[in-house]
Amino acid sequence: VEGTRAVLDAATAAGVRRLVLTSSSAAVIDADGLVAEEPVGPPALTDPYSTSKAEAERIVLAATGIETVVVNPVNIYGPSPQGPHSYNG
């Protein structure tokens with residue numbers, strides 16, 4: 001969260017016109033597993049990763065003096081500490 005705030009502050013100070021934050025679906029997924037552009041309820045996931053992503057989004061979307069956009073990828077595939085057991089197949 002503080003890293004996001006620092007990037008936002010630096011971009012604003014430098015006169016950057018637009019900031020795109022790549023977040024995670026974990027920040028916006030609801031209890032039914034739905035990911036929506038405008039969620040109808042609070043995020044269902046309350047682990048540190050998910051809550052920090054949600055907080056970073058709030059900071060970016062509340063920014064003034066700079067246009068902001070948040071993208072929430074749903075699935076990212078790549079190396080994982082748990083190997084192939086990380087994904088349901």
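1. In this predicted model, Val 20, Val 69 and Val 71 together make a nonpolar patch on the surface, with an area of about 200 Å². One of these residues, Val 71, lies in strand 2, which covers residues 67-71. Val 71 has a relative accessible area of 35% and is therefore classed as partly exposed, since that class lies between the buried limit of 20% and the exposed limit of 50%.

2. The next residue to consider is Thr 46. It belongs to the loop that runs between strand 1 (18-22) and helix 2 (48-61). Is Thr 46 buried or exposed? Its relative accessible area is 64%, so Thr 46 is exposed; the class requires a value over 50%. In sequence, Thr 46 and Ala 26 are 20 residues apart, while in space their C-alpha atoms are separated by 9.1 Å.

3. Glu 57, a residue of helix 2, deserves separate attention. Glu 57 is buried, yet it forms no salt bridge. Which side chain of opposite charge is nearest to Glu 57? It is that of Arg 58, at a distance of 7.4 Å, whereas a salt bridge would require the charged atoms to be within 4 Å.

4. The side chain of Glu 57 does have a polar partner: a polar contact of 2.6 Å links it to the side chain of Ser 23. When neighbours within four places in sequence are set aside, the residues in contact with Glu 57 are Leu 21, Ser 23, Ser 24, Ala 27, Val 28, Val 70 and Asn 72. Ser 23 thus appears both in this list and in the polar contact with Glu 57.

Conventions: Residues are numbered from 1 along each chain as its sequence is written. This is a predicted model: local features need pLDDT of at least 70, side-chain atom pairs count only at pLDDT 80 or more; totals for chains, interfaces and linings use all residues. Side-chain values use heavy atoms; hydrogens and water are left out. Patches are made of residues with over 30% relative accessible area and no salt bridge: like charges are joined within 9 Å, nonpolar side chains (Val, Leu, Ile, Met, Phe, Trp, Tyr) within 5 Å. Accessible areas come from the Shrake-Rupley method with a 1.4 Å probe; for residues, only the protein chains shown count as cover. Helices (H or I, at least four residues) and strands (E, at least two) are DSSP runs, numbered from the N terminus. Buried means under 20% relative accessible area, exposed over 50%, partly exposed in between (1.4 Å probe, protein chains only). Lys and Arg count as positive and Asp and Glu as negative; His and the chain ends are not counted. A polar contact is a pair of N or O atoms within 3.5 Å; within protein, one must be able to donate a hydrogen and the other to accept it, and residues adjacent in sequence count only if both atoms are side-chain atoms. Contact means heavy atoms within 4.5 Å.
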